[in-house]
Amino acid sequence: MTQTKQSIAVVGAGLAGVTCALQLQSAGHAVVLYEKSRGAAGRMSTRRDGDWQADHGAQYFTARGDAFKAQVDQWASAGLVSTWRARIGELTAAQPFQWVAKPGPTRYVATPGMNSLVRSMANQLNLQINTTITRIERGQEGWLLYSKEQDTALPAVQFVVFAIPAPQLVAFDSVLPSPWITQASQTRFDPCWASLVGFQQPLDLPFDALFINEGPLSWIARNHSKPGRTGPETWTLHASPEFSAQTIERDGQDLQTEILTAFAQITTVQPVWTQIHKWRYALSHPAAESGEPALWDAQMRLGVCGDWLADGRIEGAWRSGQACATLVLEG
Ligand SMILES: Cc1cc2nc3c(=O)[nH]c(=O)nc-3n(C[C@H](O)[C@H](O)[C@H](O)COP(=O)(O)OP(=O)(O)OC[C@H]3O[C@@H](n4cnc5c(N)ncnc54)[C@H](O)[C@@H]3O)c2cc1C
């Protein structure tokens with residue numbers, strides 16, 4: 001890319017999109033970030049209602065690569081992330097109830113909610129929320145983007161980066177290179193039902209989170225065991241990929257009963273309130289580690305990033321956003 005200031009649109013304000021946008025903006029370019037929902041965070045989200053809060057997407061993250069470890073250290077110094085020191089285990093039998101501790105690598109969470117990290121990064125950007133990009137086309141002054149919410153084209157830009165899940169990227173097949181569409185179509189995304197449940201009192205249980213490998217559930221976690229969480233006790237229950245895939249078109253309220261029954265088998269408690277959220281595209285399974293975790297076409301001035309091009313996790317989303325920005329800047 002030339003050293004002159006260019007206009008760039010990034011579509012999707014999850015971690016990959018904000019990471020890419022911030023790096024491009026730091027290099028001196030005019031970046032606008034379009035997000036279809038009411039705020040940035042994507043799948044690193046936290047639901048709040050009244051005085052309660054619960055992380056209903058990503059639960060925590062680990063840091064494997066050196067570059068990401070250095071980034072996590074910076075976020076920690078800035079008070080954006082903390083180590084999650086909790087009693088985390090794995091269920092070995094629901095009846096009779098048995099579990100073992102699962103130490104694992106250092107687990108990090110954003111504070112005071114999982115969405116806080118991306119929101120804080122997005123605060124430094126020109127973020128346009130409630131803007132669902134449906135189409136892009138070449139105009140005389142560059143790329144024209146159209147949204148579901150506006151009748152006219154958004155301001156023209158020289159470059160466009162898509163930072164959205166693979167199944168949503170395929171809607172742009174008329175303009176994106178066909179190998180990208182093939183790669184996106186071949187990437188598996190598992191759905192996930194996330195049930196959020198609340199209690200008047202903290203639960204007297206010997207664990208804060210459990211991996212569960214049988215029945216409808218795959219994971220349960222006490223939100224208040226994470227640093228910075230306030231308000232009444234809440235738990236997040238994730239349905240397994242298999243159960244979610246089989247039931248994804250069913251009514252969520254009907255499924256709550258099955259999810260709560262499985263939770264009660266383990267904990268013997270019933271919540272005082274419940275909510276349910278459907279993640280149609282939750283966990284991606286990249287086809288293979290294919291070198292560069294981002295796509296870039298210098299002639300078309302189009303790029304793509306997202307966790308599904310890396311390792312399907314938070315670290316991968318960050319790595320992909322960084323890689324995409326580097327490709328754009330190198331031209
Ligand atoms: C239930 C669940 C549990 C998870 N658990 C973990 C975990 O414990 N640890 C871990 O590391 N990872 C976990 N993950 C995965 C992790 O959340 C993701 O890897 C990461 O957040 C992906 O970031 P991203 O920026 O690539 O995509 P996203 O976060 O999906 O961001 C994409 C953004 O694009 C927006 N968008 C989509 N289409 C358009 C459009 N047309 N126009 C405008 N905006 C659009 C979306 O609204 C979204 O905000 C979990 C995910 C889920 C759902």
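In the predicted model described here, the buried residues of helix 5, which spans residues 178-185, are Trp180, Gln183 and Ala184. Viewed down the axis of helix 5, these buried residues fall within an arc of 100°, so they line one face of the helix. Ser178, Pro179 and Ser185, in contrast, are exposed and lie on the other side of helix 5. The cover over the buried residues of helix 5 includes helix 4 (166-169), strand 18 (295-297) and strand 19 (302-304).

Helix 4, one of the elements that cover this buried face, contains Leu169. With 24 other C-beta atoms within 10 Å, Leu169 is buried, the cut-off for this class being 20 or more such atoms. When its neighbours within four places in sequence are left aside, Leu169 is in contact with Phe162, Ile164, Ala184 and Val304; of these, Ala184 is one of the buried residues of helix 5. Leu169 and Arg313 are 144 residues apart in sequence, and their C-alpha atoms are 18 Å apart in space.

Strand 18 and strand 19, which also take part in covering helix 5, are linked by a loop in which Arg301 is found. Although Arg301 is not a glycine, its phi is positive, at about 65°. Arg301 is buried, since 20 other C-beta atoms lie within 10 Å, and a count of 20 or more is what this class requires. A positive phi is also found at Asn130, again a residue that is not a glycine, with a value of about 50°. Asn130 belongs to the loop between strand 9 (126-128) and strand 10 (133-139). Unlike Arg301, which is buried, Asn130 is partly exposed, with 14 other C-beta atoms within 10 Å. Another loop, between strand 8 (108-110) and helix 3 (116-122), holds Pro112, and the peptide bond that joins Thr111 and Pro112 is cis, with omega at about 5°.

At the level of the whole chain, the division is into domain 1 (1-38 + 129-186 + 286-331) and domain 2 (52-63 + 84-106 + 188-285). The centres of domain 1 and domain 2, taken over C-alpha atoms, are separated by 32 Å. Contact between the domains involves 10 residues of domain 1 and 9 residues of domain 2. On the side of domain 1 that touches domain 2, the elements that give two or more residues are helix 4 and helix 8. By class, this side of domain 1 consists of 6 nonpolar, 1 polar and 3 charged residues.

Both domains also contribute to the surroundings of the ligand, as the shell around the ligand draws at least three residues from each of domain 1 and domain 2. There are 37 residues around the ligand, and those that come nearest are Gly12, Gly14, Gly42, Arg43 and Arg313. Two or more residues of this shell are given by each of helix 1 (15-26), strand 13 (188-198), strand 17 (273-285) and helix 8 (314-330). Sorted by class, the shell around the ligand has 20 nonpolar, 12 polar and 5 charged residues.

Several strands pair in the antiparallel sense and can be followed in turn. Strand 3 (residues 46-49) pairs in this way with strand 4 (residues 52-55), over 4 bridges, and Asp49 stands opposite Trp52 in strand 4. The hairpin of strand 3 and strand 4 has 2 residues between the strands, and within this hairpin Gly50 takes a positive phi near 60°.

A further set of pairings is built around strand 15 (residues 217-222), which is mostly covered, as 5 of its 6 residues are buried. Strand 14 (residues 209-211) runs antiparallel to strand 15 and is joined to it by 3 bridges, and in this pairing Phe211 stands opposite Trp219. The hairpin of strand 14 and strand 15 has 5 residues between the strands, and in it Gly215 takes a positive phi near 75°. Strand 15 is also paired in the antiparallel sense with strand 16 (residues 234-239), over 5 bridges. In this second pairing, Trp219 stands opposite His238 in strand 16. Trp219 of strand 15 thus has Phe211 opposite in the pairing with strand 14 and His238 opposite in the pairing with strand 16.

How values were computed
Residues numbered from 1 in each chain as written. Predicted model: local features only at pLDDT ≥ 70, side-chain atom pairs only at ≥ 80, totals over all residues. Pairing = 2+ DSSP bridges. Near = placed C-beta within 6 Å. Nonpolar A, V, L, I, M, F, W, Y, C, P; charged D, E, K, R; others polar. Domains from an automatic or database assignment. Buried ≥ 20, exposed ≤ 12 C-beta atoms within 10 Å, placed from the backbone. Arc of directions from axis to C-beta. Contact = placed C-beta atoms within 7 Å.
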